[in-house]
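Good morning, and thank you for the time. I would like to take the group through one structure, with attention to its local geometry and its charged side chains.

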Amino acid sequence: MRRRGGRGVAGPLGQRDGVDAVRVRLPAGGWATVREHLVERYGPVIGADRVDAMLARGEFVGADGRPVAGGESYAAGRTLWFHREFPPEERVPFDVGVVHRDERIVVADKPHFLATTPRGRHVTETALARLRRDLGLPHLQPAHRLDRLTAGLVLFVVRPEDRGAYQTLFRDRRVRKEYEALAPYDPGLALPATVRSHIVKERGVVAAYEMPGAEPNSESRVELVERRGALARYRLLPETGRTHQLRVHMSALGVPILDDPLYPRVRPDGPDDHGRPLRLLARALEFTDPYSGSPVRFESRLRLAWPAG
């Protein structure tokens, strides 16, 4: 079941394992009963029997917290709430570090392989769910996102009323982001270099791609930090935030990030190999705090491991 409705809307059900209940707003339509709509809406995904079982157990509730009976008359605009069933998830064997915490924000060090927020098959094994549980902060929300395979800094906001100010910083590109990557060394590649291209990410397609000749919608600066034989460490400074932008740009330069399962070629899907993470780290965040007016800089405590040998 996919979550619908507005985020940050308080409902009658508390969180479960750090995950919010699903909010469902009943649309206009010709259903006679609540059950008819829920079966049509969720039956193709989980089966009508499971919908009936959830109704029988009182797992769908109204805004007042009381269980909703399947035979109740349908009313468009009504809001229902329920907790999704969590699929079995393998625990990501790395902790979420906390670099900074105050009354407004938490700056976390997200490990490789851990999603930032619940999505798809990753629900309880996410940085958001873990931090809510571990820190006792049920209203915690991210101000931005970091790819599941990328490690490093993510800024979370403690109170809902403060979230918009920090999200605006990222939206308006007033946050300086600094990444590090390990990738092959190419003596013929002139660095530093600024890469600009038009990146397209289609829904349902795992890898993004560049569209030659189109107006650029992405920009990254790439700098060489050090070389170790056939490999090198790079500093990456994205000016924009397209999906997989740094991974696409490094691949386009001919130095794809080590252990990238998508670029330059998509590897067959399979279980995560925790011993071979994508060698990409969100190393630093720098901005002027919207409330104190003071410049701040946060640095990751994580380090990228050079491959053995």
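I shall speak about a hairpin, then salt bridges, then a surface patch, and finally some backbone details. Please keep in mind that this is a predicted model.

Let me begin with the hairpin. Strand β3 covers residues 97–101 and strand β4 covers residues 105–110; the two run antiparallel and are joined by four bridges. Within this pairing, valine 98 of the chain faces alanine 108, which belongs to β4. Three residues lie between β3 and β4, and the two strands form a hairpin.

The loop of that hairpin leads to the next topic. As a general matter, side chains of opposite charge can pair when their charged atoms come close. The structure holds 35 salt bridges, and I have chosen several for discussion.

One of them involves arginine 104, which pairs with aspartate 162 at a distance of 3.1 Å between the closest N and O atoms. This pair links distant parts of the chain: arginine 104 sits in the loop between β3 and β4, while aspartate 162 belongs to helix α4, residues 160–171, and the two are 58 residues apart. Are these partners buried or exposed? Arginine 104 counts as partly exposed, at 22% relative accessibility. Aspartate 162, by contrast, has a relative accessible area of 3%; the cut-off for buried is under 20%, and therefore aspartate 162 is buried.

A further salt bridge is formed by glutamate 180 and arginine 233, whose closest N and O atoms are 3.0 Å apart. Which elements does this pair connect? Glutamate 180 lies in strand β7, residues 176–184, and arginine 233 in strand β12, residues 231–238, so the salt bridge ties together parts that are 53 residues apart in sequence. Glutamate 180 has a relative accessibility of 10% and so counts as buried.

The next example joins glutamate 223 and arginine 221, with 2.7 Å between the closest N and O atoms. Here glutamate 223 counts as buried at 17% relative accessibility, whereas arginine 221, at 33%, counts as partly exposed.

I turn now to charge on the surface. Arg119, Arg145, Lys201 and Arg203 form a positive surface patch. Of these residues, let me consider arginine 203, which is placed in the loop between β9 (199–200) and β10 (209–210). Its relative accessible area is 79%; because exposed means over 50%, arginine 203 is classed as exposed.

The remaining remarks concern the backbone. Where are cis peptide bonds found? One joins leucine 191 to proline 192, with omega of about 5°. Proline 192 is located in the loop between β7 and β8 (193–197). Another joins tyrosine 263 to proline 264, with omega of about 10°. Proline 264 belongs to the loop between α5 (245–252) and β13 (280–288).

That loop also contains aspartate 259. Although aspartate 259 is not a glycine, it has a positive phi of about 60°. Its relative accessible area is 16%, and aspartate 259 is thus buried.

Phenylalanine 113 likewise has a positive phi, of about 80°, without being a glycine. This phenylalanine 113 is found in the loop between β4 and α3 (127–135). With a relative accessible area of 6%, phenylalanine 113 is buried.

To close, I return to one pair from the discussion of salt bridges: arginine 104, partly exposed, and its partner aspartate 162, buried. Thank you for your attention.

Methods:
Residues are numbered from 1 along each chain as its sequence is written. This is a predicted model: local features need pLDDT of at least 70, side-chain atom pairs count only at pLDDT 80 or more; totals for chains, interfaces and linings use all residues. Side-chain values use heavy atoms; hydrogens and water are left out. Two strands pair if DSSP finds at least two bridges between them. Patches are made of residues with over 30% relative accessible area and no salt bridge: like charges are joined within 9 Å, nonpolar side chains (Val, Leu, Ile, Met, Phe, Trp, Tyr) within 5 Å. Accessible areas come from the Shrake-Rupley method with a 1.4 Å probe; for residues, only the protein chains shown count as cover. A salt bridge is a side-chain nitrogen of Lys or Arg within 4 Å of a carboxyl oxygen of Asp or Glu. Lys and Arg count as positive and Asp and Glu as negative; His and the chain ends are not counted. The place of a charge is taken as NZ of Lys, CZ of Arg, CG of Asp or CD of Glu. Buried means under 20% relative accessible area, exposed over 50%, partly exposed in between (1.4 Å probe, protein chains only).
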